[in-house]
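Thank you all for coming; I would like to talk through one model today, starting with a pocket and then turning to the helices beside it. Please have a look at the structure first.

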Amino acid sequence: MIQIVTGDITKLCVDAIVNAANHSLLGGGGVDGAIHRAAGPELLTECRTLHGCDTGDAKVTAGYRLPAKYVIHTVGPVWGGGSCGEEDKLACCYRRCLEEAEKKGCQSVAFPAISTGVYGYPKDKAAAVAVSAVKKYFRNEPHSCIEKVMLVCFDERTRDLYEELL
Ligand code: ADP
C-alpha cells in the first residue's frame, strides 16, 4: 500500500525512514541535515563506519533518537539533463532501499522525494520514477513483509504530483 504523507519525515513513527544523503554519508543539508539533527550525534558516528555509499545504493543504520527504528541512507543522482542515466539511478535508490528494509523485516518505510532538492531532479519526473519503482518492487516481491510505503512530501507541488500519479 502506497500512502502520500505531507510533512517532516523525521517525525514519522515507521520502521524505517529513507535519507537522501550524499556519497560521504557524513551529513549535509536538506532532509539529511534534518535527519541528523533529530537522530542525534550517534547517527554520524555510525555513518562514519560505513565508508560512504554509491549513487543508487543504500546502507542502513539505527534511528537513534528518531521515532523510526532504522535510517536507510541512499544517494540519489544529481540531475544532469536526463541523459546521464538519472532515471535508472533514481529507480535503483527506491529498489535498494526497499530491499534493505525487507532484510530488516520492516513493515513500514517512508521516503522523501529523493534528488528533488539540491540535486535538482525535476519534481514531476522524480515523482513518476518514485511511484513506478515502488510499484515494480511489489510486483516482483508479492510476499514482501513491507505493508506500507509512505511517499513524504515537503511541499504542495510534490503532493499534487503524487496524487495525480496514484
Ligand atoms: P537531494 O540532495 O537528494 O536533492 P534534499 O534534501 O536537498 O536532497 O531534498 C530532497 C527532498 O526532501 C526535497 O524535496 C526537500 O523538499 C525534501 N525535504 C527536506 N527536508 C525534509 C524533511 N524534514 N522531511 C521530508 N522531506 C524533506
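The lining of the second largest pocket divides into four nonpolar, two polar and six charged residues, where Ala, Val, Leu, Ile, Met, Phe, Trp, Tyr, Cys and Pro count as nonpolar, Asp, Glu, Lys and Arg as charged, and the others, Gly among them, as polar. I should say early that this is a predicted model, in which local features need pLDDT of at least 70 and side-chain atom pairs count only at pLDDT 80 or more, while totals for chains, interfaces and linings use all residues. Residues are numbered from 1 along each chain as its sequence is written, and side-chain values use heavy atoms, with hydrogens and water left out.

Among the residues that line this second largest pocket are Asp88, Arg95, Lys136 and Glu141; a pocket here is an open set of points on a 1 Å grid over the protein atoms alone, where a 1.4 Å probe fits, with protein on both sides within 12 Å along at least five of seven lines, and lining residues have an atom within 4 Å of a point. The elements giving two or more residues to that lining are α3 and α4, and α4 gives the most, with six residues.

How, then, do α3 and α4 cross? The axes of α3 (residues 86-103) and α4 (residues 123-140) come within 9 Å and cross at roughly 40°, and α3 passes α4 in a right-handed crossing. By class, their contact has 10 nonpolar, no polar and four charged residues.

Technical notes
Axes fitted to C-alpha atoms, helices over the stretch in contact; angles between N-to-C directions. Helix = DSSP H or I, 4+ residues; strand = E, 2+ residues; numbered from the N terminus. Left-handed = near helix turned anticlockwise from the far one by under 90°.
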